[in-house]
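Reader: I am new to this structure and would like to go through it slowly. Could you take my questions one at a time and show how each description is reached?

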Amino acid sequence: MTMEPDRRGRERLETVARLSRLVSSSLDVDRALNAVAEAVRESFDAPGVLFWTAADAARRLELRLVMPSDLTPGLDKTTMTYDEGVAGWVARHRRVLNVPDVAADTRPLSRDWWTMRGFVSALVIPVVAALQL
């Protein structure tokens, strides 16, 4: 049975939202992040998943997980401010960002890194627990 594209997209986003809630309530954050990353890669047929953790007071992000890990080489930054990149945009605005073409959008840092690793688009989703990223 083939689902209509809009319905399938909504179901994928609902899955990500449900998994994000799991991460925010988990005592073993690394294990939960790995489970979410695997589910996202499978659901979206994504070449990879990156998780950034936020230090709200300092308005900084730190790279926490890259799956698969062989995507890590070549990343320009493993820390950044809320004023940098797509992850910074999401942290600053606290809302989902859909970048349909990472090569054409000015927000992604290291656009060459994205395209060389098979990313055409990016869906960046904030994980919020108790009003904290």
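Reader: What makes the approach of the Glu84 side chain to the backbone nitrogen of Thr81 a polar contact?

Author: In this predicted model, the side chain of Glu84 reaches the backbone nitrogen of Thr81 at 2.7 Å. A polar contact needs a pair of N or O atoms within 3.5 Å, and the value of 2.7 Å for Glu84 and Thr81 meets that limit. Glu84 itself is placed in the loop between strand E3 (79-81) and H3, and, leaving aside residues up to four places away in sequence, Glu84 touches Lys77, Trp89 and Leu109.

Reader: Why is H3 described as largely enclosed by the rest of the structure?

Author: The description rests on a count, because 7 of the 9 residues of H3 are buried. Buried means under 20% relative accessible area, and the residues of H3 that are buried are Gly85, Val86, Ala87, Gly88, Trp89, Val90 and Ala91. Their cover includes strand E1 (49-55), E2, E3, E4, H4 and E5. H3 is followed by Arg94, which has a positive phi, near 55°.

Reader: How do you know that Arg59 counts as partly exposed?

Author: The relative accessibility of Arg59 is 38%, and partly exposed is the class between under 20%, which is buried, and over 50%, which is exposed; Arg59 therefore counts as partly exposed. Arg59 lies in the loop between E1 and E2.

Reader: Which residues does Arg59 touch, not counting those up to four places away in sequence?

Author: On that count, Arg59 touches Met80, Thr81, Tyr82, Asp83 and Arg92. There is also a separation to note with a residue of H3, Gly88: the C-alpha atoms of Arg59 and Gly88 are separated by 8.8 Å, although the two residues are 29 residues apart along the chain.

Reader: What makes a group of residues a nonpolar core, and which residues have the most contacts inside the largest one?

Author: The members must be buried residues of the listed nonpolar kinds, joined through side-chain atoms within 4.5 Å. The largest such core has 15 residues, and those with the most contacts inside it are Val86, Leu97, Val99, Trp113, Trp114, Ala122 and Val124. Two or more residues each come from strand E2 (60-67), helix H3 (85-93), strand E4 (97-99), helix H4 (111-116) and strand E5 (122-124), with H3 giving the most, 3 residues. A second, separate core has 9 residues, among them Val16, Leu33, Val36 and Phe51. In soluble globular proteins, nonpolar side chains tend to be buried together.

Reader: Which residues does Trp114 touch, not counting those up to four places away in sequence?

Author: Trp114 touches Val86, Val102, Pro108, Leu109, Phe119 and Ala122 on that count.

Reader: How do you know that Leu13 can belong to a surface patch?

Author: Patch residues need over 30% relative accessible area and no salt bridge. Leu13 has a relative accessible area of 39% and is therefore partly exposed, so its value passes the 30% cut-off. Leu13, which is in helix H1 (residues 5-25), forms a nonpolar patch on the surface together with Val96 and Leu123, and the three have about 220 Å² of accessible area together.

Reader: How many helices and strands does the protein have, and what percentage of its residues is buried?

Author: The protein has 4 helices and 5 strands, running α-α-β-β-β-α-β-α-β from the N terminus on. Buried residues make up 32% of its 133 residues. The protein exposes about 8300 Å², of which carbon and sulfur atoms supply 50%.

How values were computed. Residues numbered from 1 in each chain as written. Predicted model: local features only at pLDDT ≥ 70, side-chain atom pairs only at ≥ 80, totals over all residues. Heavy atoms only, no water. Buried < 20%, exposed > 50% of the residue type's maximum accessible area, 1.4 Å probe, protein only. Contact = heavy atoms within 4.5 Å. Areas by Shrake-Rupley, 256 points an atom, 1.4 Å probe, with all protein chains shown as cover. Patch = residues over 30% accessible without salt bridge, like charges linked within 9 Å, V, L, I, M, F, W, Y side chains within 5 Å. Salt bridge = Lys/Arg side-chain N within 4 Å of Asp/Glu carboxyl O. Polar contact = N/O pair within 3.5 Å; in protein donor to acceptor, adjacent residues only side chain to side chain.
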